[in-house]
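The following exercises are to be worked with the sequence and the coordinates at hand. Each task is followed by a solution in steps.

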Amino acid sequence: MGGVREADGRQQALVDGDLRHPDRDPRRRQFVAEEQDPFGVILSCIDSRVPPELLFDTGLGDLFVMRTGGQVVGDVVTGSVEYGPMTSGTPLIVVLGHQRCGAVKAAHKALKDDKPLPGNLQSIAEALRPAYEVIAKEKHADPVDAMTRVHIKQTSADLPSNKDLGPLVKKGDLAVVSAYYSLDTGRVEVLTGAPTA
Ligand SMILES: [Zn+2]
């Protein structure tokens, strides 16, 4: 699938320290001014170290990007994730978690201690509760990391079960992938959903 190969090739540039910073010049701006055709949708965390456009060495018109604390979804975010695949055939959705996620760490502590986070932050913790419940039943050397990985797998498994994205996945027009970004190495590791073709 084109989107996955494209994302993989671009990601390698970050790992190798061989960034090309493509698609950022006036020609590209003019080329995409009338129409866009991004090769992927990335849902990632707000963490300042995890900007998808940089991780995948992209420029103008290359990616749809959604970012929330702990890459949690709700109706508005899910609608935004669906936009590209439903309206213009974007072939790839990546739910991208990352190492040492502060949002997941805070949510893990809040849920474990049963002490809600202040203000609207608690809604992030609540969105992460299903992942917390899975890992709370198990023993993990690094429970926050385990919770991050469970959460992105859950989210990427849930998206194709929705009535709008499901048919696209079934037809093979869309891949929904969970992936994990290592702050230490700069590498994005696909956990689930990599298309075989
Ligand atoms: Zn994070």
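**Exercise 1. Determine which residues Leu-60 touches, leaving out residues up to four places away in sequence, and describe its setting.**

Solution. In this predicted model, the partners of Leu-60 are Asp-23, Arg-28, Arg-29 and Val-32.

Step 1: place the residue. Leu-60 belongs to the loop between helix H3 (52-55) and E2.

Step 2: classify its accessibility. The relative accessible area of Leu-60 is 37%, so the residue is partly exposed; the class lies between the limits of 20% and 50%.

Step 3: compare sequence and space. Leu-60 and Arg-24 are 36 residues apart along the chain, yet their C-alpha atoms are separated by 5.8 Å. A further pair is Ala-33 and Gly-61, 28 residues apart along the chain, with 8.8 Å between the C-alpha atoms. Ala-33 lies in helix H2 and is exposed, at a relative accessible area of 61%.

**Exercise 2. Examine the loop between H1 and H2 for the sign of phi at Asp-23 and at His-21.**

Solution. Step 1: take Asp-23, one of the residues that Leu-60 touches. Its phi is near 60°, a positive value in a residue other than glycine.

Step 2: take His-21, in the loop between helix H1 (2-16) and helix H2 (26-33). His-21 also is not a glycine, and has a positive phi of about 45°.

Step 3: add the accessibility. His-21 is partly exposed at 44%, and Asp-23 counts as partly exposed at 22% relative accessibility. The lower limit of that class is 20%.

**Exercise 3. Identify the aromatic pair of the structure and state its geometry.**

Solution. Step 1: count. The structure holds 1 aromatic pair.

Step 2: apply the geometry. The ring centres of Phe-64 and Tyr-83 are 5.8 Å apart and the planes stand at 85°, so the pair is edge-to-face; that class requires planes over 60 degrees apart.

Step 3: locate the partners. Phe-64 is in strand E2 and Tyr-83 in helix H4 (residues 75-88), so the pair ties together parts 19 residues apart in sequence.

Step 4: compare burial. Phe-64 counts as buried at 12% relative accessibility, whereas Tyr-83 counts as partly exposed at 45%.

**Exercise 4. Name the protein donors of the zinc ion, and then trace the contacts of Thr-68 and Thr-148 to them.**

Solution. Step 1: list the donors. Cys-45 (SG), His-98 (NE2) and Cys-101 (SG) lie 2.0 to 2.3 Å from the zinc ion. Along the chain, the donors follow the spacing C-x52-H-x2-C.

Step 2: classify the donors for which an accessibility is available. His-98 is buried at 0% relative accessible area, and Cys-101 is buried at 1%.

Step 3: follow Thr-68. This residue lies in strand E2 (residues 63-68) and is buried, with a relative accessible area of 15%. Leaving aside neighbours within four places in sequence, the contacts of Thr-68 include the donor Cys-45, along with Leu-43, Ser-44, Ile-46 and Val-77.

Step 4: follow Thr-148. This residue is found in helix H8 and is buried, with a relative accessible area of 1%. With the same exclusion of sequence neighbours, Thr-148 is in contact with Gln-71, Gly-97, His-98, Cys-101, Val-104 and Tyr-180; His-98 and Cys-101 are among the zinc donors.

Step 5: set a distance against these contacts. Thr-148 and Ala-33 are 115 residues apart in sequence, and their C-alpha atoms are 37 Å apart in space.

**Exercise 5. Describe how helix H5 and helix H8 pack, and which residues form the contact.**

Solution. Step 1: obtain the geometry. Helix H5 (residues 102-113) and helix H8 (residues 143-158) pack at an angle of about 105°, and their axes are 9 Å apart. That makes H5 roughly perpendicular to H8, a class that covers 65 to 115 degrees.

Step 2: list the contact. From H5, the residues are Val-104, Lys-105, Ala-107, His-108 and Leu-111; from H8, they are Pro-143, Val-144, Met-147 and Thr-148.

Step 3: sort the residues by character. The contact of H5 with H8 divides into 6 nonpolar, 2 polar and 1 charged.

Step 4: connect this to the previous exercise. Thr-148 takes part in the contact with H5 and also touches the residues His-98 and Cys-101.

Note on methods:
Residues are numbered from 1 along each chain as its sequence is written. This is a predicted model: local features need pLDDT of at least 70, side-chain atom pairs count only at pLDDT 80 or more; totals for chains, interfaces and linings use all residues. Side-chain values use heavy atoms; hydrogens and water are left out. Axes are lines fitted to C-alpha atoms, for helices over the stretch in contact, and angles run from 0 to 180 degrees between N-to-C directions. Helices (H or I, at least four residues) and strands (E, at least two) are DSSP runs, numbered from the N terminus. Angles under 35 degrees count as roughly parallel, over 145 as roughly antiparallel, 65 to 115 as roughly perpendicular and the rest as oblique. Contact means heavy atoms within 4.5 Å. Ala, Val, Leu, Ile, Met, Phe, Trp, Tyr, Cys and Pro count as nonpolar, Asp, Glu, Lys and Arg as charged, and the others, Gly among them, as polar. Donors are N, O and S atoms within 2.8 Å of the metal (3.2 Å for Na, K and Ca); water is not among the atoms, so sites may look incomplete. Buried means under 20% relative accessible area, exposed over 50%, partly exposed in between (1.4 Å probe, protein chains only). Rings of Phe, Tyr and Trp (its six-membered ring) pair if their centres lie within 6.5 Å; planes under 30 degrees apart count as stacked, over 60 as edge-to-face and the rest as tilted.
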